[in-house]
Amino acid sequence: MIQLIRGFKDVLPGEVELWQAIEKTAISVFDDFGFKEIRIPIIEKTELFSRSIGDNTDIVEKEMYTFSDRKGDLITLRPEATASVVRSYIQHKLYTSDPVQKFYTIGPMFRRERPQQGRYRQFYQINAEIFGIDSPLADVQLIFLLVTLFSRLAVPDVETHINSLGCPICRPGFKQALIDFLSKTKVKLCSDCIRRSKQNPLRVLDCKVPSCREAMAQTPSLLDFLCYECVRDFKILTDSLEHLNISFIIDKRLVRGLDYYTRATFEIQTGFLGAQSAVAGGGRYDGLVEALGGPDLPATGFAIGLDRLTEISDLQIDDYHKTPQIFIAALGQKSKGKAFEWVCSLNKTGIRAEMDFGEKSLKSQMKRANKLGASHVLIVGEKELTEGSAVLRDMMTKKQVFISTDAVIENVSRKLGALPL
Ligand code: ATP
Ligand code: MG
């Protein structure tokens with residue numbers, strides 16, 4: 001038997017309803033906040049990701065699914081969405097009519113990481129990007145949107161972590177201080193961090209290995225190195241969050257794995273996920289649009305891990321399971337034919353109707369209606385058809401009424417509260 005690939009998963013009925021509810025809620029929050037949907041391809045040229053994410057990142061170094069296609073071009077299954085949204089914004093010159101654009105996109109991402117709880121090789125993200133706004137208020141709006149969404153999704157125990165990554169003017173000073181600190185640290189870093197400390201020292205801050213985390217507890221803080229503008233923007237960020245009553249934790253070790261981030265960076269964490277505590281991450285990436293060949297326009301965004309969100313949302317899955325409103329138990333050839341017509345018409349009207357397509361006894365059809373959780377059963381045999389009246393049974397109250405077989409759709413719709421035909 002062929003099994004799915006390690007790190008990949010199926011989302012089955014029974015679970016998928018929660019995914020749908022989360023996606024619907026996210027879409028309605030995006031609508032409320034003025035974001036438009038953008039759909040981008042799942043495969044892009046490898047160069048798009050290596051240029052935008054940066055060669056010295058885990059993603060580009062070891063996590064991307066890269067193939068050469070039949071003509072030898074290098075293509076990659078997208079590991080994240082921002083690079084593609086930026087490419088699209090530039091390629092279609094979406095900035096010409098108005099540089100300020102707000103987009104969201106929902107879909108699968110691919111990273112070849114070690115699979116574990118909360119970490120898959122195909123996972124899903126809900127992404128948002130705001131282009132063309134310099135003000136840190138755009139970052140605040142993103143954080144406020146996240147907090148709003150998580151509250152609508154009944155996600156308990158969320159913590160907003162923030163930091164500033166500085167800008168190309170002030171970050172080099174911090175980088176040097178960090179390099180000095182790393183060369184002096186006595187604690188043994190993991191082999192990845194030893195390499196990172198040479199190639200991309202900021203990434204050491206992000207390491208999840210406990211001994212590295214311990215080593216980095218005393219690290220210098222980027223906030224002490226910020227230039228005037230970065231200090232000013234960080235203050236606007238923290239003041240605005242306070243005004244909006246959003247509690248936050250300043251986390252000096254919070255850096256993004258991606259090279260193009262500047263200034264505000266944030267992460268939403270929750271205690272429920274153990275080691276995989278980040279459910280959303282984001283921040284400003286002012287240099288990326290220009291670096292990918294577009295105009296010098298600022299941008300900020302976030303990505304939510306949808307898989308992790310489904311694991312922590314307190315939404316009651318039972319509220320989203322849909323059971324048939326009516327099951328038609330038909331006996332005999334003629335009644336089966338009629339029942340099928342009725343099921344089709346009821347489905348068309350927007351009523352969840354089911355029947356048994358085989359030649360089962362009434363008892364086994366009633367059993368099936370019960371198993372499906374149908375709220376009503378219409379029982380119809382040859383006799384009922386001739387007499388023009390069939391029994392409609394309410395499965396909860398066990399009450400039965402007769403309805404005319406000449407006007408089943410009208411009667412059932414009225415009974416079940418569907419829209420008039
Ligand atoms: P982590 O530190 O957990 O590896 P990351 O910094 O690589 O996360 P981002 O690139 O910022 O993650 O992606 C945003 C969100 O996507 C994460 O906060 C997480 O919820 C989710 N995510 C990232 N990688 C995976 C994965 N392999 N499986 C499931 N969800 C993931
Ligand atoms: Mg990662």
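This note goes through the surroundings of ligand 1 and the strands beside it in a predicted model.

1. The shell around ligand 1 consists of 15 residues, and the closest of these are Arg111, Glu113, Arg119, Lys208 and Arg256. Sorted by class, the shell holds six nonpolar, three polar and six charged residues.

2. Three side chains can be named for their polar atoms beside the ligand. An N or O atom in the side chain of Arg111 lies 2.8 Å from an oxygen atom of ligand 1, while for the side chain of Arg119 the corresponding distance to a ligand oxygen is 2.9 Å, and for that of Gln125 it is 3.0 Å. Ligand 1 taken alone would expose 580 Å², of which the protein buries 91%.

3. Strand S6 (122–131), strand S10 (278–284) and strand S11 (299–305) are the elements that each contribute two or more residues to the shell around ligand 1. The most comes from S10, which supplies three residues.

4. These strands are also paired with one another through S11. S6 and S11 run antiparallel and are joined by seven bridges, with Glu129 standing opposite Gly301 of S11. S10 and S11 are likewise antiparallel, here with five bridges, and Gly283 is the residue that stands opposite Gly301 in S11.

5. How many of the seven residues of S11 are buried? Seven of the seven are, so the strand is largely enclosed by the rest of the structure. The cover extends to both faces, since on one side Ala299, Gly301, Ala303 and Gly305 are all buried, and on the other Thr300, Phe302 and Ile304 are buried as well.

Technical notes. Residues are numbered from 1 along each chain as its sequence is written. Chains are lettered from A and ligands numbered from 1 in the order in which they are written. This is a predicted model: local features need pLDDT of at least 70, side-chain atom pairs count only at pLDDT 80 or more; totals for chains, interfaces and linings use all residues. Side-chain values use heavy atoms; hydrogens and water are left out. A residue is near a molecule or strand if one of its heavy atoms lies within 4 Å of it. A polar contact is a pair of N or O atoms within 3.5 Å; within protein, one must be able to donate a hydrogen and the other to accept it, and residues adjacent in sequence count only if both atoms are side-chain atoms. Accessible areas come from the Shrake-Rupley method with a 1.4 Å probe; for residues, only the protein chains shown count as cover. Helices (H or I, at least four residues) and strands (E, at least two) are DSSP runs, numbered from the N terminus. Ala, Val, Leu, Ile, Met, Phe, Trp, Tyr, Cys and Pro count as nonpolar, Asp, Glu, Lys and Arg as charged, and the others, Gly among them, as polar. Buried means under 20% relative accessible area, exposed over 50%, partly exposed in between (1.4 Å probe, protein chains only). Two strands pair if DSSP finds at least two bridges between them.
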